[in-house]
Amino acid sequence: MIVVMRPDAGPEQVEAVEARVRELGYRTALTAGELQKIVAVRGDTAGDVRLDGLGDLQGVERVLRVQKAYKEASREFHPADTVVDVGGVEVGGPRVVMMVGPCAVESREQLLETADAVSAAGFPILRGGAFKPRTSPYSFQGLFIEGLRLLAEARERTGLKIVTEVMSEADVQVVADYADILQIGARTMHTFRLLERVAETGKPVLLKRGFHATIKEWLLAAEYILKIGNPNVILCERGIRSFDDEFSRNVLDLTAIQVVKRESHLPVIADPSHGTGVRDYVIPMGRAAIAAGADGLIIESHPNPAEALSDGPQSIPAAEIGQLADEVAAVTAAVGRTM
Ligand code: PEP
Ligand code: MN
């Protein structure tokens, strides 16, 4: 439910509405638009007729029930764009935020060499998996806590922020102790208890779209995090599975970026590495995603992709990160954004 204030409503009238909402047992979120303020009522408001009385308070223009299934994720609930603050790096604002690094943290040398290249390119965030969701149990599963320690060392050395995946509820605390952004992978987008535990950390969450998920299911997964009271959700389009995997691993759904921008206030980035699965397509599709409105890109890179323990064929050589920066910067400027 949202309470739309009249354009001439004063701050004391807005405060009175917020106070009444809290008195009824709900949390509030205030959006200040250009003309009007909107008080969003957070929590399960369905069937609570007491809330209808909010319409009679001074300064209130109207009270609306949000019809969307993904209530808190919807634009109606929060008309302004959400900007997620990752320790000073803003995702969802004018800057196109680049998150680059290896698929998996494999060794100190591998990670630090990549981190140095990411930092030299002027990118703000380092990616790297310590807990890897692999299709085969015989594939490299990650360095676990040692991987997290190496990520922390890379952050210490470069000042880059860290995004890394958390796969299970059991690891949420330790991953949160190290990461600046907790990544939920495509395979666990539907693991609802994990979403709730991750939300409780209060940290920014990078929520990848499941390769099997509709846009609505993806937004409902975000809703699980928002409902707990953690507003720091960054969506990530990483490609969906289709009938044709002969030339590319997935179909990077660029329309989804525009749909999400319309339906939701949350920032959305794209992952052209998993979206295509093919190194040569990563930069072109990353550029296309920025042109389509993406707030950032997450891209895999490795000092020597031929020897990578996971996702080598879609990884950009670390030595080419500078070229990535140049090519992406041109499109970023063309759409009036910064890098
Ligand atoms: C990854 O980022 O390395 C990863 C496993 O991604 P996804 O969950 O999108 O497959
Ligand atoms: Mn990967």
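Which backbone N or O atom lies 2.7 Å from an oxygen atom of ligand 1? I looked this up in the model, which is predicted, and found that the atom belongs to A186. The protein covers 97% of the 300 Å² of accessible area that ligand 1 has on its own.

I then went through the surroundings of ligand 1, where 13 residues lie around the molecule and R127, K132, A186, K208 and R238 come nearest. For R127 I noted a polar side-chain atom 2.8 Å from an oxygen atom of the ligand, and for R238 a polar side-chain atom at 2.6 Å from an oxygen atom of ligand 1.

Next I turned to the manganese ion (ligand 2), which is coordinated by C103 through SG, H274 through NE2, E300 through OE and D311 through OD, at 2.0 to 2.4 Å. I noted that C103 and D311 link distant parts of the chain, 208 residues apart, with C103 in the loop between strand 7 and helix 2 and D311 in the loop between strand 14 and strand 15. I checked the exposure of both: C103 is buried because its relative accessible area of 4% is under the 20% cut-off, and D311, at 17%, is buried as well.

Finally I followed the chain into helix 2, which has 13 residues and reaches 18 Å from its first C-alpha to its last, close to the 18 Å expected. Its buried residues are Q110, L111, L112, T114, A115, A117 and V118, and what covers them includes strand 7, strand 8, helix 3, strand 14 and helix 10. Just after helix 2, I found G122 with a positive phi of about 85°.

How values were computed:
Residues are numbered from 1 along each chain as its sequence is written. Chains are lettered from A and ligands numbered from 1 in the order in which they are written. This is a predicted model: local features need pLDDT of at least 70, side-chain atom pairs count only at pLDDT 80 or more; totals for chains, interfaces and linings use all residues. Side-chain values use heavy atoms; hydrogens and water are left out. Donors are N, O and S atoms within 2.8 Å of the metal (3.2 Å for Na, K and Ca); water is not among the atoms, so sites may look incomplete. Helices (H or I, at least four residues) and strands (E, at least two) are DSSP runs, numbered from the N terminus. Buried means under 20% relative accessible area, exposed over 50%, partly exposed in between (1.4 Å probe, protein chains only). The expected span of a helix is 1.5 Å times one less than its number of residues. Contact means heavy atoms within 4.5 Å. A residue is near a molecule or strand if one of its heavy atoms lies within 4 Å of it. A polar contact is a pair of N or O atoms within 3.5 Å; within protein, one must be able to donate a hydrogen and the other to accept it, and residues adjacent in sequence count only if both atoms are side-chain atoms. Accessible areas come from the Shrake-Rupley method with a 1.4 Å probe; for residues, only the protein chains shown count as cover.
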